[in-house]
Amino acid sequence: MYIIDLVYQKDLDEVERFLPEHKQYLDKYYALNKFICSGRKNPRNGGIILCRAENLQEVKSIIKEDPFNREKIAAYKIIEFEPSKSNNAFKSCL
C-alpha cells in the first residue's frame, strides 16, 4: 500500500486548468482498482492518493501519467506502508 502525497508547485489557477484531465487520470486508476481514495489537502496546497500497487516501480509508473506530473504542477512524495489493522469495511480494499 502506498500514500502518494502531492504538493502543488504552481498557483491554484494552473491546478484548476488541469483538474479535469487530472480527474480523468484518477478515474482510470479507480477503474483498475489501484486507487482506494483521494482528495485535496486542507489547506489546499496539494492532495493525497491512497494507492494499492505491487511495488514502488508501479507507483512511479502510475504517477508518470498524471497531468499534474507532466505539467510540473505537483511534486510527489511516496510513502510505503503495510496496513496491520483496519476497519472491516476497508479490508476488501487491502
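These are my notebook entries on what I looked up in a predicted model of one protein chain.

**Entry 1: overall layout**

I began with the elements of the protein chain and found three helices and four strands, which run β-α-β-β-α-α-β when I follow them from the N terminus. The radius of gyration is 13 Å, close to the 12 Å that the globule rule gives for 94 residues, so I note the chain as being as compact as a globular protein of that length. I also looked up the extent of the C-alpha trace, which spans about 40 × 25 × 20 Å along its principal axes. Buried residues account for 34% of the 94 residues. When I turned to contacts between residues at least 6 apart in sequence, I found that 69% of them join residues at least 24 apart.

**Entry 2: the nonpolar core**

Next I asked which residues of the largest nonpolar core touch the most other members. The core holds 20 residues, and the ones I was after are Ile4, Phe35, Cys51, Val59 and Phe68. I then traced where the core comes from: β1, α1, β3 and α2 (56-64) each supply at least two of its residues, and α1 gives the most, with six. I add as background that nonpolar side chains tend to be buried together in soluble globular proteins.

Phe68 seemed a good residue to follow further. Setting aside residues up to four places away in sequence, I listed its contacts as Leu6, Tyr8, Val15, Phe18, Leu19, His22, Ile73, Ala74 and Tyr76.

**Entry 3: Tyr2 and the two ends of the sequence range**

I looked up Tyr2, which sits in strand β1. Its relative accessible area is 3%, and because the cut-off for buried is under 20%, I record Tyr2 as buried. Apart from neighbours within four places in sequence, Tyr2 is in contact with Ile49, Leu50, Cys51, Ala53, Asn55, Leu56, Val59, Ile78, Ile79, Glu80 and Phe81. For one of these partners, Phe81, I also checked the backbone distance: the C-alpha atoms of Tyr2 and Phe81 are separated by 6.1 Å, although the two residues are 79 apart along the chain.

**Entry 4: the largest pocket and His22**

I then went to the largest pocket, which has a volume of about 200 Å³. Its lining consists of 14 residues, and those that lie nearest the centre are Leu19, His22, Leu26, Gly39 and Arg40. The elements that each supply at least two residues of this lining are β1 (2-8), α1 (12-31), β2 (35-40) and β3 (46-51). By type, I noted seven nonpolar, five polar and two charged residues in the lining.

Is His22, in the lining of this pocket, buried or exposed? I found it in helix α1, and with a relative accessible area of 8% it is buried. Leaving out residues up to four places away in sequence, His22 touches Leu6, Asp66, Pro67 and Phe68.

**Entry 5: the cysteines**

I looked at Cys37, which is placed in strand β2, and found a relative accessibility of 38%, so Cys37 counts as partly exposed. The C-alpha atoms of Cys37 and Cys51 are separated by 7.6 Å, with their positions 14 residues apart along the chain. The contacts I found for Cys37, leaving aside neighbours within four places in sequence, are Tyr30, Ile48, Ile49 and Leu50.

**Entry 6: backbone points to check by eye**

Before listing these I note that most residues other than glycine have a negative phi, and that most peptide bonds are trans.

Where is the cis peptide bond? It joins Asn42 and Pro43, with omega at about 10°, and Pro43 has its place in the loop between β2 and β3.

I also found a positive phi at Asn33, near 60°; Asn33 lies in the loop between α1 and β2 and is partly exposed, with a relative accessible area of 49%. For Lys72, phi is near 55°, again a positive value in a residue other than glycine. Lys72 is found in the loop between α3 (67-70) and β4 (74-80), and at a relative accessible area of 60% I record Lys72 as exposed.

Notes: Residues are numbered from 1 along each chain as its sequence is written. This is a predicted model: local features need pLDDT of at least 70, side-chain atom pairs count only at pLDDT 80 or more; totals for chains, interfaces and linings use all residues. Side-chain values use heavy atoms; hydrogens and water are left out. On a 1 Å grid over the protein atoms alone, a cavity is a set of points where a 1.4 Å probe fits but cannot get out, and a pocket is an open set with protein on both sides within 12 Å along at least five of seven lines; lining residues have an atom within 4 Å of a point. Grid points are joined across faces, edges and corners, and a volume is the space filled by probe spheres set on the points. Ala, Val, Leu, Ile, Met, Phe, Trp, Tyr, Cys and Pro count as nonpolar, Asp, Glu, Lys and Arg as charged, and the others, Gly among them, as polar. Buried means under 20% relative accessible area, exposed over 50%, partly exposed in between (1.4 Å probe, protein chains only). Contact means heavy atoms within 4.5 Å. A nonpolar core is a set of buried Ala, Val, Leu, Ile, Met, Phe, Trp, Tyr and Cys residues joined through side-chain atoms within 4.5 Å. The radius of gyration is taken over C-alpha atoms; the globule rule is 2.2 Å times the number of residues to the power 0.38.
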